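Colleague: Got a minute to walk me through this one? I'd like to go over a few helices and strands with you.

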Amino acid sequence: KKGEGSPKVVAICSSCLSGDDDAEAITAIQPGWHLETMEREIKQVTPYELHRINEAKSPDEEMQKLLAEAEHPVKLKFLIRGEPRTNQAYEAGFFEAAGHRLRDFFLVQYPELCEAVITPFCCVPGTAARTWVDNNPHKAGYRCLADPFAEANGNDNGMGVTHIFSTQTIVNNMNADGDEKNAWSLEVWNSSETNKRMKPWLGGQQMFGAATNRQESGFVRTELIFSVIQEILTRKGASFRFGRELAGISMTANTTSREMRPAGGHWTNSADNVRTFQQVQAKGETETFHNFDRVVISTGGAIGSALDDLDPTLKGDHQLLPLMGYIIVGPPEQLPPSERDIGVVFENEHMYLRSTMNGSFAVGGGMYFGDGTDEDVRRLRWSSGVTEQMGYFDAKNYMEQAEIGKQLMQDPKTLKLGGCRPMSVFGNFPMLKSYGGGRVVLNTGGGANGFVTSWKSAQLATDVVMTGTVEEPAWEHAFTKL
């Protein structure tokens with residue numbers, strides 16, 4: 001409410017909820033309270049900033065600093081004794097913490113991740129990651145600029161992710177919200193700059209503008225990430241058993257046992273280069289292993305019978321959902337080396353583009369839910385006709401929204417695949433569960449944001465499996481105990 005002097009918020013406190021109209025102090029964070037949204041009248045208030053208010057030693061003091069900048073009445077929304085994992089401020093804080101974990105731990109300890117994780121933080125001068133990229137250009141497939149956060153200059157668009165707009169309306173909306181633009185440190189290009197700089201990505205299509213984020217962005221070469229992680233874990237003594245699936249899991253006071261059985265199936269390519277997985281029942285005996293004291297399960301969209309038996313609510317209550325989509329990969333050397341370190345998003349079309357290390361276009365996206373069975377998930381269907389989920393989710397129509405997608409679809413060398421991401425019931429927050437006091441931990445459900453949240457969810461899963469809880473109080477609501 002706008003009062004005399006600095007604005008104050010009234011009627012947002014425990015006593016106010018019981019009808020005390022004289023209360024003036026804002027006590028934003030009571031037990032179970034989380035500030036969720038704030039109207040944009042306060043300058044540059046992002047969900048990240050709201051999260052910092054919620055976690056501050058004195059939320060009231062931080063709140064009043066922002067209220068002092070308000071020029072109009074301010075509306076605030078609180079989540080009281082609700083589910084924090086559906087709170088956009090809590091989600092934003094988790095995203096930010098995941099980025100910091102990648103930057104401050106993973107890229108410091110394992111700089112070779114920069115072969116598969118392409119971000120400006122791989123090129124910060126004086127870091128182990130920058131040294132690795134400079135010494136391994138044949139693996140990185142890109143070279144670092146002197147300043148990885150610098151604005152586009154000449155023919156090099158730099159690093160990060162460029163969001164491209166195919167309508168003038170979305171450009172106008174972005175330009176009208178200066179606070180939003182400044183809060184995200186966006187580098188904005190007009191139509192002429194966009195069409196010139198992003199020419200290799202557009203296939204001749206004319207765009208209306210773009211905005212590039214270099215501070216909190218990047219992309220993952222999904223075709224390489226597992227092999228890089230496998231090498232890291234092998235050096236640490238890990239062993240891998242491929243061609244197996246989890247058949248059962250049980251816990252005693254001292255051990256956790258798991259059963260493994262052969263997993264059948266093989267990949268096939270159709271005449272038009274569509275790759276699908278054909279599931280075939282494998283022959284062989286089930287093996288039982290008793291030598292584990294803790295187990296972490298990081299499942300994909302196919303839950304499997306063992307996890308279903310352990311926690312029937314995952315399927316029964318639709319807590320873990322198979323989020324289906326598509327990807328196409330063009331022939332190599334289509335994109336020059338200068339374009340292989342930046343990600344591209346066609347905002348209106350919800351299409352996500354990047355380069356592979358050898359310069360192939362990789363275009364992904366699409367978002368619909370399958371029928372929920374493991375067989376449907378593992379098939380990784382490529383829909384070539386109108387689906388029951390409406391025509392938008394037809395693979396051909398989806399990819400041909402943009403000119404570059406249309407050209408790739410017409411190329412017989414383009415590989416076409418279906419895909420699936422496990423999405424939690426929380427939407428933008430992963431599914432972390434603890435069973436038996438941490439003897440078994442589930443870490444999954446990142447959905448379309450899996451390669452963002454995984455850096456932090458992995459840390460929390462490690463905390464829970466080692467100690468039964470998380471070390472950082474800010475994330476005590478991030479997992480479910482069963």
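Modeller: Sure. Keep in mind that this is a predicted model. Let's start with helix 7, residues 168-176, which lies across strand 4, strand 5 and strand 6 (209-213).

Colleague: At about what angle does helix 7 run to strand 4?

Modeller: About 120 degrees.

Colleague: And what does strand 4 pair with, in which sense?

Modeller: Strand 4 (residues 160-165) pairs with strand 15 (residues 342-346) in the parallel sense, over five bridges. To pick out one spot, valine 161 stands opposite glycine 343 in strand 15.

Colleague: Okay, so what's the strand order in the open sheet?

Modeller: The open sheet has ten strands, ordered 5-6-4-15-16-17-14-18-11-10, and the pairing is mixed.

Colleague: Which are the edge strands?

Modeller: Strand 5 (187-189) and strand 10 (266-269), each of which pairs on one side only. On average, neighbouring strands in this sheet are turned by 30 degrees against each other, ignoring direction.

Colleague: Switching to helix 11. Which residues are buried there?

Modeller: Helix 11 covers residues 222-235, and Leu224, Ile225, Val228 and Ile232 are buried in it.

Colleague: Why do they line one face of the helix?

Modeller: Looking down the axis of helix 11, the buried residues fall within an arc of 110 degrees, so they line one face. In general, an α-helix has 3.6 residues a turn, so residues three or four places apart point the same way.

Colleague: What covers those buried residues?

Modeller: The cover includes strand 3 (117-118), strand 7 (219-220) and helix 17 (450-467). Also, just after helix 11, glycine 237 takes a positive phi of about 100 degrees.

Colleague: Helix 17, then. Is lysine 456 in there buried or exposed?

Modeller: Lysine 456 does lie in helix 17, and it counts as buried because its relative accessibility is 5%, where the cut-off for buried is under 20%.

Colleague: Huh. What does lysine 456 touch?

Modeller: Leaving out residues up to four places away in sequence, lysine 456 touches Phe94, Ala97, Ala98, Glu472 and Trp475.

Colleague: Last one: phenylalanine 106. Where is its place, and what does it touch?

Modeller: Phenylalanine 106 is in helix 4 (residues 88-109). With residues up to four places away in sequence not counted, phenylalanine 106 touches Arg101, Pro111, Leu113 and Trp455.

Colleague: And why does phenylalanine 106 count as buried?

Modeller: Because its relative accessibility is 16%. One distance to add: the C-alpha atoms of phenylalanine 106 and alanine 129 are separated by 9.6 Å, with the two residues 23 apart along the chain.

Key:
Residues numbered from 1 in each chain as written. Predicted model: local features only at pLDDT ≥ 70, side-chain atom pairs only at ≥ 80, totals over all residues. Heavy atoms only, no water. Buried < 20%, exposed > 50% of the residue type's maximum accessible area, 1.4 Å probe, protein only. Helix = DSSP H or I, 4+ residues; strand = E, 2+ residues; numbered from the N terminus. Arc of directions from axis to C-beta. Contact = heavy atoms within 4.5 Å. Pairing = 2+ DSSP bridges. Axes fitted to C-alpha atoms, helices over the stretch in contact; angles between N-to-C directions.
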